[in-house]
Amino acid sequence: ERGDDRAVRAALAAHAELGRRQLAQAVRTTTLLRTLGGRDVEGRALAVAWANRFLNDVNPDTLPGWMAPMLADLLAATDRWSEIPPVLDVGVAKGMADSARGIGRPVEFPLFRDELMRRRAVALIHLGRRAEALAIDAELARRDGMRWDRGRSVVSRAAIAAHLGDTDRAIDLLTRGLTEGGIRWSALTQARAVNLAVDPMFLPLRADPRYRALLDADPADIR
């Protein structure tokens, strides 16, 4: 967040193992450098280096299904769009198998599937398959307002709009999604939406002052 790319580089280089925690840290810290840290070139270069290291040592087909969203995020942060759909296919297949075997709560698979749908739509946009991405957006729109959704579909549609280049619509959807609870908040971060700042799906918005304003705390949450 302070733009200290050397500290981020050192922390990532120190990882002796390549697992879920390390993958999540790589995605989050390099994205944070690019959003709040103001070090876009350095953050992307670190993400590219870490993606090369991770994918040289790990076969995505052997990963647990629940790691698919994080791996897709790393690929998105490094513009490796063509590699994302196969990773998501593995994630869906393994997620369905785990759900059928009773691994995890039944409610978790639909939410997991929606996370993969958002990433698939974004990848399809960059692969020139706009119509398929819009079909996913339309499916998410049908869930808008459902009590169980709680703003998640709105946030996903904001990411899709951002990659379609419709920045105004992306900001409007994201603002509503935040209000409806589609982004997790934390008292540990003084009520700031840091989970938004570390999400590479919103990197196209990083220079927009309206997006940056959404990363700040809501005055109503500060006591």
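Two residues are counted as in contact when they have heavy atoms within 4.5 Å of each other, and on that basis 64% of the contacts in this predicted model between residues at least 6 apart in sequence join residues at least 24 apart.

**Figure 1. Overview of the predicted, all-helical fold.** The protein holds eleven helices and zero strands, so that from the N terminus on its elements read α-α-α-α-α-α-α-α-α-α-α. Of the 223 residues in the protein, 46% are buried. A search of the whole structure finds 20 salt bridges, several of which are taken up in the later views.

**Figure 2. Close-up of helix α4, whose ten residues are buried.** Helix α4 spans residues 68–77 and is mostly covered, with ten of its ten residues counted as buried. These residues are A68, P69, M70, L71, A72, D73, L74, L75, A76 and A77, a list in which the acidic residue D73 is buried along with its neighbours in the helix. Just after α4, the chain reaches D79, which takes a positive phi of about 60 degrees.

**Figure 3. Packing of helix α2 against helix α4.** Helix α2 (residues 20–35) and helix α4 (residues 68–77) pack at an angle of about 35 degrees, and their axes lie 10 Å apart; the crossing of the two helices is left-handed. On the α2 side the contact is made by R20, L23, A24, V27 and R34, which meet M70, L71, D73, L74 and A77 on the α4 side. Sorted by class, this contact of α2 with α4 comprises seven nonpolar residues, three charged residues and no polar ones.

**Figure 4. The salt bridge between R44 and D79.** R44 and D79 form a salt bridge in which the closest N and O atoms are 2.9 Å apart. R44 lies in helix α3 (residues 40–57), whereas D79 belongs to the loop between α4 and α5 (84–100), so the pair ties together parts that are 35 residues apart in sequence. Both partners are partly exposed, R44 with a relative accessible area of 29% and D79 with a relative accessibility of 40%. The backbone of D79 also deserves attention in this view, for its phi is near 60 degrees, a positive value in a residue other than glycine.

**Figure 5. Two further salt bridges, R80 with E83 and R210 with D208.** The side chains of R80 and E83 meet in a salt bridge with an N to O distance of 2.7 Å. In this pair R80 is partly exposed, with a relative accessible area of 21%, and E83, at 31% relative accessibility, also counts as partly exposed. The side chains of R210 and D208 likewise meet in a salt bridge, with an N to O distance of 2.9 Å. Here the two partners fall into separate classes, since R210 is partly exposed at a relative accessible area of 36%, while D208 has a relative accessible area of 15% and is therefore buried, the cut-off being under 20%.

**Figure 6. A network of salt bridges that includes D73 of helix α4.** D73, E115, R118, R119 and D199 are linked in a network of salt bridges. Two members of this network appear in other views as well: D73 is among the α4 residues that meet helix α2, and R118 is one of the residues touched by F202.

**Figure 7. The largest nonpolar core and the surroundings of F202.** The largest nonpolar core has 47 residues, of which L23, F54, L174 and F202 touch the most other members. Helix α4 gives the most to this core, with seven residues. Not counting residues up to four places away in sequence, F202 touches R118, V155, A158, A159, L174, L196 and Y211. Apart from the largest core lies another core, of eight residues, among them A121, I136, L140 and I160. As background to this view, nonpolar side chains tend to be buried together in soluble globular proteins.

**Figure 8. The surroundings of L164 in helix α8.** L164 has its place in helix α8, which covers residues 152–164. Leaving aside its neighbours within four places in sequence, L164 is in contact with I125, R130 and L134. The view also takes in P204, which is 40 residues from L164 in sequence and 9.6 Å from L164 in space, C-alpha to C-alpha.

Terms used: Residues are numbered from 1 along each chain as its sequence is written. This is a predicted model: local features need pLDDT of at least 70, side-chain atom pairs count only at pLDDT 80 or more; totals for chains, interfaces and linings use all residues. Side-chain values use heavy atoms; hydrogens and water are left out. Axes are lines fitted to C-alpha atoms, for helices over the stretch in contact, and angles run from 0 to 180 degrees between N-to-C directions. Helices (H or I, at least four residues) and strands (E, at least two) are DSSP runs, numbered from the N terminus. A crossing is left-handed if the near helix is turned anticlockwise from the far one by less than a right angle, and right-handed if clockwise. Ala, Val, Leu, Ile, Met, Phe, Trp, Tyr, Cys and Pro count as nonpolar, Asp, Glu, Lys and Arg as charged, and the others, Gly among them, as polar. A salt bridge is a side-chain nitrogen of Lys or Arg within 4 Å of a carboxyl oxygen of Asp or Glu. Buried means under 20% relative accessible area, exposed over 50%, partly exposed in between (1.4 Å probe, protein chains only). A nonpolar core is a set of buried Ala, Val, Leu, Ile, Met, Phe, Trp, Tyr and Cys residues joined through side-chain atoms within 4.5 Å.
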